[in-house]
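Got your viewer open? Here is a tour, stop by stop, with what to select and what you will find there.

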Amino acid sequence: MKFNLTAQDPLSKARAGEITTDHGTIQTPIFMPVGTAGTVKAVHQHELKQDISAQIILGNTYHLYLRPGLNTLESAGGLHKFNGWDGPILTDSGGYQVYSLTEVRKIKEEGVTFRSHIDGSKHLFTPENVMDIQRIIGADIIMAFDECTPYPCDYNYAKRSIEMTHRWLKRCCDRFDSTDPKYGYSQTLFPIVQGSVYKDLRVRSAEVIASYEREGNAIGGLSVGEPAEEMYAMTEIVCNILPEQKPRYLMGVGTPVNILENIALGIDMFDCVMPTRNARNGMLFTKNGIINIKNEKWKNDFSAIEDDSDLFADRDYSKAYLRHLIHSGEMLGAQIATLHNLHFYLWLVKEARKKIIAGEFYDWKNTMVKRLGQRL
């Protein structure tokens, strides 16, 4: 994997770049639609490519490991062949999912034992086998196995946790570096900075992660319930330490406003279930603010969902019709809303990139932040 910085905003730390993988080039800043179980919910691959203009999507190690399982994925030739997506794929390590199973998992130095949410069967994730699992899934970008601490989190717990995450990272790197990709294309490993909302722990973790000199770095453990100001403060601290010449990925973030503010701090890559999950519940993100399409006020609004959009679904369907579909529980409602939200998120980062290259990002961002957060 290669990363080239192409532009820097003069009034912030926002930057534009290009990540090159064997499955294609990614222009940053970028938002990555989340395909938890091998699919971005309610969206065809051709829609992802042609209508949403996604450049990279996510798969989830925990879910794919349990179902369809490694044998099926390996027999298919990896996730790209299995799901028909020929662009880059990033897999998260499954750590976040495992830690959210608080009642049915145990964390030890060796790794994490947990019970499947599907059938209750017992499993063990270690830094080593999570590298092997992600190799088999076939992601272009593989994430290290870490512990994602909750919020709020006791300082001493957070300190012990980052120390274990760093020990696990050494094991991840050793295993990754001693194994080969399975399907004839290169794969790369990103370590993850942790440390909750404690400045000294974030500094320490960022220094350790940077010292491994991998091809990219991630920031985890944010957007887990802490105030946005805490998220921005931690991101700024970490971005000041992580090397400039490598992509920075802020995991699980977030709202359109969160994305713009974190781009301004130097983040290049984002993912979040918010645009897809909220779409299925009738929440639309637009250039002028947030719409709850279930509200009565849209019942007889026959204007286009977003009339200046280049997405067919935004122009062809009215707000009233989408409201009717969502209220009726029609699958098409979830499909249209998901298409809209993902298209909007990809439009937003593409527009941010244009503004960075033009040297106009900072003022544009400040204008957009006021607009995007308002309820319509």
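Helices (H or I, at least four residues) and strands (E, at least two) in this tour are DSSP runs, numbered from the N terminus. You are looking at a predicted model, where local features need pLDDT of at least 70 and side-chain atom pairs count only at pLDDT 80 or more, while totals for chains, interfaces and linings use all residues. Residues are numbered from 1 along each chain as its sequence is written, and side-chain values use heavy atoms, with hydrogens and water left out.

**Stop 1: the largest pocket**

Select Y96, Q97, G252, D271 and V273, which lie nearest the centre of the largest pocket among its 35 lining residues. The ground rules come from a 1 Å grid over the protein atoms alone: a pocket is an open set of points with protein on both sides within 12 Å along at least five of seven lines, a cavity is a set of points where a 1.4 Å probe fits but cannot get out, and lining residues have an atom within 4 Å of a point. Grid points are joined across faces, edges and corners, and a volume is the space filled by probe spheres set on the points. The largest pocket comes to about 760 Å³.

Now colour β5 (57-60), α5 (95-100) and α11, each of which supplies at least two residues of this lining. Which helix gives the most to it? That is α11, with five residues. The lining breaks down into 12 nonpolar, 17 polar and six charged residues. For these classes, Ala, Val, Leu, Ile, Met, Phe, Trp, Tyr, Cys and Pro count as nonpolar, Asp, Glu, Lys and Arg as charged, and the others, Gly among them, as polar.

**Stop 2: the second largest pocket**

Next, pick the second largest pocket, with a volume of about 330 Å³. Of its 19 lining residues, I52, S53, L346, W347 and K350 are the closest to its centre. Show α14 here: the largest share of the lining, eight residues, comes from that helix. By class you get eight nonpolar, five polar and six charged residues.

**Stop 3: closed spaces**

Rolling a probe the size of a water molecule over the atoms shows where empty space is left. Across the whole structure, three cavities of 30 Å³ or more turn up. For the largest cavity, select K287, E306, S309, D314, H340, H343, F344 and W347. They enclose about 50 Å³, and α14 is the top contributor to this lining, with four residues.

For the second largest cavity, select M1, T21, D22, D140, I141, S186, Q187 and T188. The space there is about 40 Å³.

**Stop 4: a helix under cover**

Go to α13 (residues 319-328), where K319, A320, L322, R323, L325 and I326 are buried. Buried means under 20% relative accessible area, exposed over 50%, and partly exposed in between (1.4 Å probe, protein chains only). Their cover includes α11 (274-280), β16 (283-286), β17 (289-292) and α14 (331-358). Just after α13 comes G329, with a positive phi near 70 degrees.

**Stop 5: two helices side by side**

Show α7 (residues 155-177) and α8 (residues 199-211), which pack at about 5 degrees with their axes 11 Å apart. Axes are lines fitted to C-alpha atoms, for helices over the stretch in contact, and angles run from 0 to 180 degrees between N-to-C directions. The two helices are therefore roughly parallel; that label covers angles under 35 degrees, while over 145 is roughly antiparallel, 65 to 115 roughly perpendicular and the rest oblique. For the contact (heavy atoms within 4.5 Å), select Y155, A158, K159, I162, H166 and L169 of α7 with D200, L201, R204, S205, V208 and I209 of α8.

Close by in sequence, try T149, in the loop between β10 (141-143) and α7. T149 is buried at 4% relative accessible area and touches Y157, A158, S161, Q194, S196 and V224, leaving out residues up to four places away in sequence.

**Stop 6: backbone oddities**

Most residues other than glycine have a negative phi, and most peptide bonds are trans. Zoom in on Y151 and P152: the bond joining them is cis, with omega near -5 degrees. V253 and G254 are also joined by a cis bond, omega about -5 degrees.

Finish with E213, a non-glycine with a positive phi of about 50 degrees, in the loop between α8 and β13 (217-219). E213 is exposed, at 62% relative accessibility. S223 has a positive phi of about 60 degrees without being a glycine, and is partly exposed at 31%.
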